Amino acid sequence: MVPNYILHPNTSTLIGPQRRRPAMPGSYFELYIHLIWTVKNREHLLTPDIEKPIIDIIKRKAASQKARVIAIGNTIDHIHLLVSIHPDTIISKMLKEMKAASSYYVNHILGKTLYWQEGYGALTVSKQGYEKVRAYVENQKAHHSQNNIEELYEISSDTDKSDTATLSR
């Protein structure tokens, strides 16, 4: 620790007697996360007429949380999202806002029904696996219609806990 400086508890920034100093200006990061979440009780509610508004809301909420949507795909009962996130992004907060805003819009603005299951699946994605995951997310409908799904990529909060061993693959 530098004398007469303290470490800010929330930002890990050194704070001196007169000023704050940024921690590592020009930092490099490349963080990809594959997110999966489901409609409550796996009901078939993600119909074509509400897909576009939900996708727009998800993209806006991601941007507000320092994340960029790379790919998004869904079936009638769940959503897959590949995002690039900033180190400051809190995944649980981002997902909470996406779920809340999209269900509010569908329920109150469109007058339809949409409730999300509690929880979500979040998987880190390597540079080597990036293209495979992006393609999988973008082609959700085709994968499910052909029953060509990757179990690891389908994990979400309603997945049996004994399945978590597959995460080590």
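A cavity is here a set of grid points where a 1.4 Å probe fits but cannot get out. With that meaning, a search of the whole structure, which is a predicted model, finds 1 cavity of 30 Å³ or more.

**View 1. The cavity and the residues that line it.** The largest cavity has a volume of about 40 Å³, and its lining is made up of Leu46, Glu51, Ile54, Ile55, Asn74 and Ile79. Sorted by class, these lining residues comprise 4 nonpolar, 1 polar and 1 charged. Helix α1, which spans residues 48–64, gives the most to this lining, with 3 residues. One of the lining residues, Ile79, belongs to a face of strand β5 on which Ile79, Leu81, Val83 and Ile85 are all buried.

**View 2. Strand β5 and its two covered faces.** Strand β5 comprises residues 78–85, and 8 of its 8 residues are buried. On one side of the strand lie His78, His80, Leu82 and Ser84, while Ile79, Leu81, Val83 and Ile85 lie on the other, and both of these faces are covered.

**View 3. The strands that pair with β5.** Strand β3 (residues 31–38) runs antiparallel to β5 and is joined to it by 8 bridges; within this pairing, Trp37 has Ile79 of β5 as its bridge partner. Strand β4 (residues 67–74) is likewise antiparallel to β5, with 7 bridges between the two, and here Val69 has Val83 of β5 as its bridge partner. Strands β4 and β5 also form a hairpin, in which 3 residues lie between them.

**View 4. His78 and its side-chain contacts.** His78 has its place in strand β5, and because its relative accessible area is 1%, His78 counts as buried, the cut-off being under 20%. The side chain of His78 is joined to that of Thr75 by a polar contact of 2.9 Å. A polar contact of 2.7 Å is also made between the side chain of His78 and the side chain of Asp77.

**View 5. The aromatic pair of Tyr32 and Tyr130.** The structure holds 2 aromatic pairs, and one of them, formed by Tyr32 and Tyr130, is tilted, with 4.8 Å centre to centre and 55° between the planes. This pair links distant parts of the chain, since Tyr32 lies in strand β3 and Tyr130 in helix α3 (residues 130–138), 98 residues apart. Tyr32 and Tyr130 are both buried.

**View 6. The aromatic pair of Trp37 and Trp116.** Trp37 and Trp116 form an edge-to-face pair, in which the distance is 6.0 Å centre to centre and the angle between the planes is 70°. Because Trp37 lies in strand β3, whereas Trp116 lies in the loop between α2 (91–109) and β6 (121–125), the pair ties together parts that are 79 residues apart in sequence. Trp37 is buried, with a relative accessible area of 1%, and Trp116, at 11% relative accessibility, also counts as buried. Trp37 thus appears in this view as a member of an aromatic pair and in View 3 as the bridge partner of Ile79, a residue that lines the largest cavity.

Terms used: Residues numbered from 1 in each chain as written. Predicted model: local features only at pLDDT ≥ 70, side-chain atom pairs only at ≥ 80, totals over all residues. Heavy atoms only, no water. Buried < 20%, exposed > 50% of the residue type's maximum accessible area, 1.4 Å probe, protein only. Helix = DSSP H or I, 4+ residues; strand = E, 2+ residues; numbered from the N terminus. Pairing = 2+ DSSP bridges. Polar contact = N/O pair within 3.5 Å; in protein donor to acceptor, adjacent residues only side chain to side chain. Phe/Tyr/Trp six-rings, centres within 6.5 Å; stacked < 30°, edge-to-face > 60°. 1 Å grid on protein atoms, 1.4 Å probe; cavity = no way out; pocket = protein on both sides within 12 Å on 5 of 7 lines; lining within 4 Å. Points joined across faces, edges and corners; volume = space filled by probe spheres on them. Nonpolar A, V, L, I, M, F, W, Y, C, P; charged D, E, K, R; others polar.
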